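Me: I would like to go through this structure slowly, asking how each label is earned. Could you set every value beside its definition?

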Amino acid sequence: MTNGNDFVELEECISNPGFTEHGAEESRDSTEKNRGTTEENRESTEETRDSTATSVDPTGGGQQDACTEYTQIKPYAGMPKEVLLLYSSQARYRVPRQILFWLLILCVLALVALTITVIALSPPCLGWWRASPLYQIYPRSFRDSDGDGVGDLKGIIEQLSHFEYLNIKSVWISPFYRSPMRDFGYDVEDFREVDPVFGTMQDFEELLAQMHNRGLKLIMDFIPNHTSDRHRWFNLSRSRDEHYKDYYLWTDCNATAPRPNNWVSVFGNSSWTYDEVRGQCYLHQFLKEQPDLNFRNPHVRREMIDILRFWLEKGVDGFRMAAVKRLLEASHLRSEPLTDPSKPPEAFPSQWELHHDYTTSQLGLHQLLQEWRAEMDVYSREPGRYRFMVTESYDHEEVDKTMMYYGSPLVKESDFPFNFYLLDLPRNPSGLWVQHLVLLWMSNMPAGRWPNWVVGNHDNGRIASSAGRGYTRVINMLILTLPGTPTTYYGEEIGMENINIPHSQIQDPAGKYNPSAGRDPQRSPMQWTGDMNAGFSNVTNATWLPVHPDYSSVNVETQKADSGSVLAQYRLLSRLRQSELPLQRGWFCPVHADTNVFSFLRELDGLDHAFLVLLNFGKEATVTDLSAVAELPDWLTVVMTTASGAGGRRLPKASLPSEAGEGLVLQYSSGRRYHARPDARCFVSEKACYLRVVNLLYKC
Ligand SMILES: [Ca+2]
Ligand SMILES: [Ca+2]
């Protein structure tokens, strides 16, 4: 056994430079012997060591021998910790240990720095609302599961695989709240219930769960401007209940001529209706059955936030905010100025004959939206659960008003306001006109924001009808290759067209007031198959609106079997958009526009390949010469064309042929980037570059 004196001696000896290999060998032998002995031998060894210790030569020779014995022992596993610690102070052990320690610290610091750098340089991932087209379902017309002739929520569940087929992740469902259906769901009787015609709350929860299971996001309509006149709040308000009396906008008026001012509703009549119960007029910017809520009342603001929370708690992924510019009206209630001042003021104007200075876009509107956005942000904190907001506002020529819905760099509002400008495409179908409409958005959009494109919805005639069937494909190609989120109204993916509605069958209140403004033509049942009712419903008498007579050829089932169909091309483009970085988030550079063709590039720095999109919106075939675009190589490869003929062909940039209504996506490789030209007019939401060596996208 060792004792304290041994350690002191050992310590001295370890620091003694007179250590030899020869001595070490002997010591090792001695040690081996010591380790190999039995208890008896150990006692003998103790005696020997005592003897050695007592025979130390006072001149130092004896000390030398003792040290030789100790220091000839090298550290080995199992050696007592105390002894090992003495060895550890030797330079040959201490120095490598310190070097390794600092190397480890350096490596950790380098890894932390690298991680921070990668995070700082990486562009944000595309949120789900950016990564996929947005698909609009008009639920009355999508799929009828119970055979009553009207579409419903279970019907949507039955068709969820359609979105997987199209590679679509975001689905907006037009309103399914409890409603007397005077405006087909936009007149809400109860914001917390599902209307029985669409199903039950259980059906909704099942739909949401199934959509989430498939990676789909559900966006609801939010209709804050008004309620149904059957809503509980309105009944309490008209009877002057103390709490609810100011939930709506009431003013004194003459019961026989109830027009406190010249304001007109969207549907054409006066915005005011006399209520006999209360003895006053109430405001309605839409139908008289849709009284406007009073957003200057804090209780109303609270109620609407509670409704948002109700659905956010259920897990909905976003809201389309309806008719937001009409949320507030001027409190002074003065008549609006006529667009034609020579017209007698007593004449009854249409909504197009007034400047809506007092009924739209009033001060305080954006604050309301910001409050809602902030509420949605509270529910967006969980990773992957971002809640999306899109606003609906038709501002026509006043694009600056539309852009305000993007909010400011410091205060968020909608993720994007719907871009309705392409709805004007059929007015003057030409490459120059389309370029004008596209640039109208791109050049007015605040820097860094995300564009979007709408070519149809439940309020506007189908573009395949207004632009012509021959242009459906090229329009789909346009919105799927432009930067930003395309919106696809149900049926556009197969080229559905408007139906003709006899006056006697008009359902839409707007159509009953003015048949030419009716919205039934674009709301006909979805065409799934060539079977009865186009596979929309098995009702035996009639669907709620007639099915388009072309359904036997224009339907999902038939088009799935045809690789050249509108549907197949939509799917191909949707997949291309998802798989190609330049189409997802690259630069957008218009390079050519004439009476027929609009052409643009999509390119991303650092990536070898880029795309040229060439779209013919004109009435004739043409050949486009892009030889002036020096950044393009002489030859390009066709990835896809909407006309017959497969991809893979090579075309010279000096002679790019296109038929009327044809669109082409061409791919090319070039080391030169068009957006770097000093005269280039290009746009990108968030600059990103590709580093091929490490397969990394970074901010640049
Ligand atoms: Ca039904
Ligand atoms: Ca309003």
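**Strands, cores and loops**

Reply: Strand E12 and strand E13 (residues 485-489) pair in the parallel sense over three bridges. This is a predicted model, in which local features need pLDDT of at least 70 and side-chain atom pairs count only at pLDDT 80 or more, while totals for chains, interfaces and linings use all residues. Residues are numbered from 1 along each chain as its sequence is written, and chains are lettered from A and ligands numbered from 1 in the order in which they are written.

Me: What makes E12 and E13 a pair?

Reply: Two strands pair if DSSP finds at least two bridges between them, strands being DSSP runs of E with at least two residues, numbered from the N terminus. E12 and E13 have three bridges, so the condition is met. Tryptophan 453 stands opposite proline 486 in E13.

Me: Why do E11 and E12 stand at the edges?

Reply: The open sheet has eight strands, in the order E11-E10-E9-E5-E2-E1-E13-E12, with parallel pairing. Strand E11 (416-417) and strand E12 (452-454) each have a single partner strand, so one side of each is left without a neighbour in the sheet.

Me: Why is histidine 396 called exposed and leucine 333 partly exposed?

Reply: A residue is buried if 20 or more other C-beta atoms, placed from the backbone, lie within 10 Å of its own, exposed if 12 or fewer, and partly exposed in between. Histidine 396 has 10 such atoms, and is therefore exposed, whereas leucine 333 has 15 and is therefore partly exposed. Histidine 396 is found in the loop between strand E10 (388-391) and helix H14 (399-403); its phi is positive, about 50 degrees, although it is not a glycine.

Me: What makes the 138 residues a nonpolar core?

Reply: A nonpolar core is a set of buried Ala, Val, Leu, Ile, Met, Phe, Trp, Tyr and Cys residues joined through C-beta atoms within 7 Å. The largest such core has 138 residues, and Val171, Leu218, Leu425, Val455, Ile475 and Leu615 have the most contacts inside it. Domain 2 (132-228 + 298-332 + 360-570) and domain 3 (587-698), whose bounds come from an automatic or database domain assignment, both give residues to this core, so it lies between them.

Me: How do you know that helix H6 is hardly covered?

Reply: Helix H6 (residues 91-121) has 31 residues, and the count of buried residues among them is zero.

Methods
Helix = DSSP H or I, 4+ residues; strand = E, 2+ residues; numbered from the N terminus. Expected span 1.5 Å × (residues − 1).
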